[in-house]
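Me: Please take a close look at one small part of this model for me, and then work outwards to whatever surrounds it. I would like a connected account that I can follow with the structure open beside me.

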Amino acid sequence: MDKDIKRLSLILLMAPFALWILLLIIIPHVGIFLLSLREKISYKEFTYGLGNYIEFLNEPIYWNTLLRTGSMSLLVTILALLIGFPVAYYIAKVARKKSKGALFLLCLLPLWVSELIRTFGWILLLRETGVVSGFLQTIGIIDQPVEFLYNDVTVIMGLVYTVMLFMIVPLVSTLDGMDDAMVEAGYNLGGSGFTVLRRIIIPYAMPGIVAGSIVVFMLAAGSYLTPILLGGKNSSWFTEQIYDQFITRYNWESGAAFGFLLLAFTSIVVWLGLRLTGQSLATTVAKD
Amino acid sequence: MEYDLTCESVCKKFGEFTAVDDVSFQIPSGSFFSILGPSGCGKTTLMRMIAGFESTTSGDIKIKGNSVLSLPPNKRNVKMVFQHLALFPMMNVFENIAYGLRCQGVGKEEIKRKVQDVLERVSLPDVGSKEISQLSGGQKQRIAIARCMVLDPDVLLLDEPLGALDLKLRESMKIELKLLQHQFNTTFIYITHDQSEALVMSDNVAVMNQGRFEQIGTPQALYHKPASAFVAGFVGDANRWSGRVVEGADGAVKVQTDGGLSLVGTAAGGSLSGSGTDVEIFVRPEFITVARAKGDAPAQVNGQNHQRGVVDSLLFNGANSRVLVRSTNNQLIEADFLLTGGTDDLKPGDAVDLSWSIERSACFQAARG
Amino acid sequence: MIKNPVFTLAYRCYILAFFLFLAAPLAAAGMFAFNDSLFPALPWQGFTLDWFFNDTEPKLGMFHDRRLLRGLYYSFIIASCVSLMSVFVGTCNAFLFTRGQFPGKGVLYILMVVPLVIPGVILGISILVLASTIANGVEEAYGWEWDFLRPGLPLVVLGQFSFVTTITSLVITARLQKLDFSLEEAAFNLGAKRLRVLRTITLPFLKPALIASGLVAFLVSFENFNTTLMVVGSEAPLTVTMFDRMVKVGSTPVLNAVSFFLMIGSGILALAMVFAQRNSKSE
C-alpha cells in the first residue's frame, strides 16, 4: 500500500511537469518543424517537402543574415566574457565582504528593468540629438551632431549590455567557490600573475565560463528588440526575418523553417562549444 | 521483568547488502542502553527501523510487548533525538516543544503547562520565547531531548547527538545526559561510535559490527571480558599482536607472535583449536607494569609475562601517560606508567622490565581468511 | 597576492567605468521623465512632474494616458497569472526532482532547463502555431470558436509561463535541496501526519524561495517583450504598448515617465526579494 501511495504521488507530481514540457515545449517545437516541411500549393492544398529550406538556401539574403547573426552573437559572447570576467573576479575575490553583496546587486540592476527601457535609454544617449552627441559638441570634439545609432558597433554594444549579467552571475558563483589559498599557493610556488590566471583561475572558472557563454550566445542570437531598435532598418537580425515571415508576410511555413533553422544553428554552436571545452550541459547550465 | 523494547531476529537487507543481520535484544524499563559500533556497522539502520523510518526485512520489533511493525513512524511512541538535532529553525523553542503535543490535539492551556514543566526539568525555564539560533550547543541538546520527553515516550532514541559538540562540552553533556535519563526514568537507546560515551553513560552496551551484535553486556564486562577480538580491539586501548599457538587450547596457552615475542595468554571467546592456531592477542596498556631493569632478565614465573626492553618514547598525557617500549626483538609495546612511584623520571633509552599477568593477555582465535 | 598600486588603481577604475556603463542608459531613461520639454533630449528645460500627472495634450502624463494605463493593467494581470502558475509548477518540479526517483531523471532535468535558452521569439511562434492549428481544427471539425487559442491574454500567459517556470523551478529546487531531511523525519517522529509536515515544516522552509521566485517571475513577465510580441492580441501589455508608441509616435518623455515608474516598481520588488533571501539566510 505504501508503494502505491508513493507511485501515486510521483504521478501527481509528474503531471504538471509533463503537461508543461509536452504541451508548451515539445509539441509546439515538433509542430513548427512539421509546419516548416509544408508547402502551400493553393488555398488549403499542401504538399510536404524541403521546399522552405531550399528557398532559404537559394536566397543569399536569408542565409547571410543567419551567418551574420551567428557571428555577431559569437562576438558579443566573447566581448561579454572579456569585459565581464574582471568584474566577476573583482566581486567574487577582491571586493570586501560588505561591498561584495552590494556590487553583485548593482550588476543585477539591469535585470530589473525591461530590455525595452534599457534600449530606450541607449537611444536617448546615442541618437543624433542625444546626450553623447550633445556632450561631445559642448566640449568641442565634434562640431555638428553625429548619429551613433543604426550601426553594427552600437548593436553589439547594446547586446553586450543586455546579456552582461547572464555572464557575470555564473562567473561569480563559480569563482566564489574557489579557495583563495589556491591562488596564493599558485603565487607561492613561483607563478607569475599571468600563469596563475591561465593555469589556476581560468581552469577553475571553466564551468562558469561555459555556462555563461552558452546562455549569452543563445540570448544574443535570439534577441529581437535590441537589434531592431539600435540597428534600425538595416540591422538584419535573423529573428527579424522570422517575425517578418510570420506576422508581416503571414508566410508561416517559411517562418517556421527559419525558426527551426535558428534553433538548429544555435544548438550546433552550443554543442561545438561544449565539445571544444570538454564540458557537458548538465555540469554547466543545469548546475545553477 | 518488563521490557520496553524487544527486537527479535531483526534483519534488514538493501539489495544484496545486509545492513542488519539477525539482531535480537531486550531492554528493561528505565535503563540506558547503548549501541556501539564503527560507522557503517548498521547501528543507524537498526535505530531507523525502531523509529519506523525503515521497514524490516524480517524479524519483529516490540515496544512494551506489542509489535509495532505495522505502525507508521508518526504512530509509534518512540521518540528520537537526531544526529544534528533537527530542531525546527522556523519555530521558537516553545513551538518546537509544543509541536508533538499539537499533533496529538492537546488543549492550549495544557500545552503551556506541559512545555513549561519539561523546560524546568531540563533546567531551562526561561528560554521558551527564544529562537533556536539563539541557543548554545548544550542548550539545543537539552531542548531536543525536552521536545521528545514532553510526549512521554516509551523509548527515547539518541543518534550520536553529541557528535557535533566540541570536546569539553561533550564531556559535560555525557554526565548531563545520564542525569536526565535518571530524572525522566525513561529507556534511552543511545547510538554512538565513541566508546567512552557508551561506557560512561550506559547500563548496558551492545557492540555492533557488520550488522551483527558481537556482545551485549555491562561496560565492565565489555572491557574486562570481551567476547570477541573485535570487541577487545574496539572497546578501550590494547596492544594487539597476531601470532600462533605453540601449546594449549583452553586456559593458559603458550603463543608466539609474528614479531617474535613469546608469551603466555588466556584463551578467550571459547576454546582455541590447539597448537598452530592463528590467534590475536590483546593486552591493555594499564595492565602492564613498567619497572627499571635490574640484573638479568627475569624468567616467566608466577603467572606473569616478562619482557625486557628499552624506552623508545614517552607519550605524556597527564594521568593517561604512556611509555612506548621497544623489546629486545624490536617489537613496540605500549604501557601505562605512573607519575608517582619511581618511574616518573624515565627517559628514552632507559632499559626497563615490563610485566603483565597471563589472565590479562586475551587470546582470540583469528578470523579465517 | 601581488600588490601593485598602479594595477590596483587601474582595476578599480575599470570596475567604476563598468558600473557607469551599466547605469548610463537607465539614468538617461529615467532622467528625461522630469525634463520640462516635449522631447526626451538635452538641453535641460527645468524640472517638471507633468509627464506623470498632467491631464492635457501635448504633455499628457502617464497617469492620464488611457492606453498606457490599460497596458499597465494587462501587464499586471498577465504577470500575476504567470507568477502564480509558474511558482505552483516550479514547486511541483522541485519536489519531483529532489524527492522523486524515476528513470530518465537526468534527461528530464535538462529538458526542464532548456526553455531558458530557447530564443523567446521561437517560443512565441511555436506556441502560436500550435494554438492556431488546434483552434482551426476545432473550428473546421465542430464549428466551435475557441477564442482563447487565438492571440490574446491566455496565449501571452502560456508563452511567458513556458520559460518562466524554468526559473522558478531552479530557484525552488535549490532551496529544497538545502532542506535537512531529518527535519521532516523529526516531525513525523513527533507524531505529525504527512500534510501537517508539509504545512508546518517543508512549506515554511521553502517560503523565502517561493516568494523570491514569485517576484522574479512577476518581473520577468512584466518585462518580457519577445515572446509576448508573437502571441499578443488586442490586449497589449505595457511593453508592447510602449514599443508601439516608440515606433509610431517616436520617443516622448511620457515613455521616460513610464520607465521611471517601472524602475521604481522593480526596485521595490528587488528590495523585497533581497529581504526575503536575507531572512532565509539567518535561519
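Reply: What follows begins with one helix and then moves out to its chain and to the other chains.

First, some housekeeping. This is a predicted model, in which local features need pLDDT of at least 70 and side-chain atom pairs count only at pLDDT 80 or more, while totals for chains, interfaces and linings use all residues. Residues are numbered from 1 along each chain as its sequence is written, and chains are lettered from A and ligands numbered from 1 in the order in which they are written.

The part to look at is helix α3 of chain B, residues 108–121. Helices here (H or I, at least four residues) and strands (E, at least two) are DSSP runs, numbered from the N terminus. α3(B) has 14 residues and reaches 20 Å from its first C-alpha to its last, close to the 20 Å expected at 1.5 Å a residue (the expected span is 1.5 Å times one less than the number of residues).

Now follow the side chains around it. Ile111(B), Val115(B), Val118(B) and Leu119(B) are buried; a residue counts as buried if 20 or more other C-beta atoms lie within 10 Å of its own, exposed if 12 or fewer, and partly exposed in between, with C-beta atoms placed from the backbone. These four buried residues lie on the same side of α3(B), because they cover an arc of only 105° around the axis (the arc is that of the directions from the helix axis to the C-beta atoms). An α-helix has 3.6 residues a turn, so residues three or four places apart point the same way. On the other side of α3(B) you will find Glu109(B), Glu110(B), Arg113(B), Asp117(B) and Glu120(B), which are exposed. The buried residues of the helix pack against two other helices of chain B, α2 (93–104) and α4 (137–149). After α3(B) comes Ser123(B), whose phi is positive, near 50°.

Stepping back, chain B holds eight helices and 20 strands. Its C-alpha trace spans about 80 × 45 × 35 Å along the principal axes, and 41% of its 369 residues count as buried. Two residues are in contact if their C-beta atoms, placed from the backbone, lie within 7 Å. Among the contacts in chain B with a separation of 6 or more, 66% join residues 24 or more positions apart.

Chain B divides into domain 1 (3–230) and domain 2 (237–365), with bounds that come from an automatic or database domain assignment. The C-alpha centres of the two domains of chain B are 39 Å apart. Where these domains touch, domain 1 of chain B gives four residues and domain 2 of chain B gives five. The domain 1 side of that contact has three nonpolar residues, one polar and no charged; Ala, Val, Leu, Ile, Met, Phe, Trp, Tyr, Cys and Pro count as nonpolar, Asp, Glu, Lys and Arg as charged, and the others, Gly among them, as polar.

Chain B also meets chain C, in a contact of 17 residues from chain C and 18 residues from chain B. On the chain C side, the elements giving two or more residues are α7 (181–189) and α8. Of these, α7(C) gives the most, with seven residues. That side of chain C divides into nine nonpolar, three polar and five charged residues.

Chain C in turn touches chain A, with 63 residues from each of the two chains in contact. The largest share of the chain C side, 11 residues, comes from α1(C). Here the residues of chain C divide into 48 nonpolar, 14 polar and one charged.

For one residue at this meeting place, try Leu262(C), which lies in helix α11 of chain C. Leu262(C) is buried, with 25 other C-beta atoms within 10 Å. Leaving aside its neighbours within four places in sequence, Leu262(C) is in contact with Val113(A), Ser114(A) and Ile117(A).

Finally, the record: an unreviewed UniProt entry lists "transmembrane region" for chain C at several stretches, including residues 12–34 and 197–220. UniProt positions are given in the numbering used here, feature names are shortened, and annotations may be inferred rather than shown by experiment. In the model, residues 12–34 of chain C are 87% helix and 0% strand, with end C-alpha atoms 32 Å apart. Residues 197–220 of chain C are 100% helix and 0% strand, and their end C-alpha atoms are 32 Å apart.
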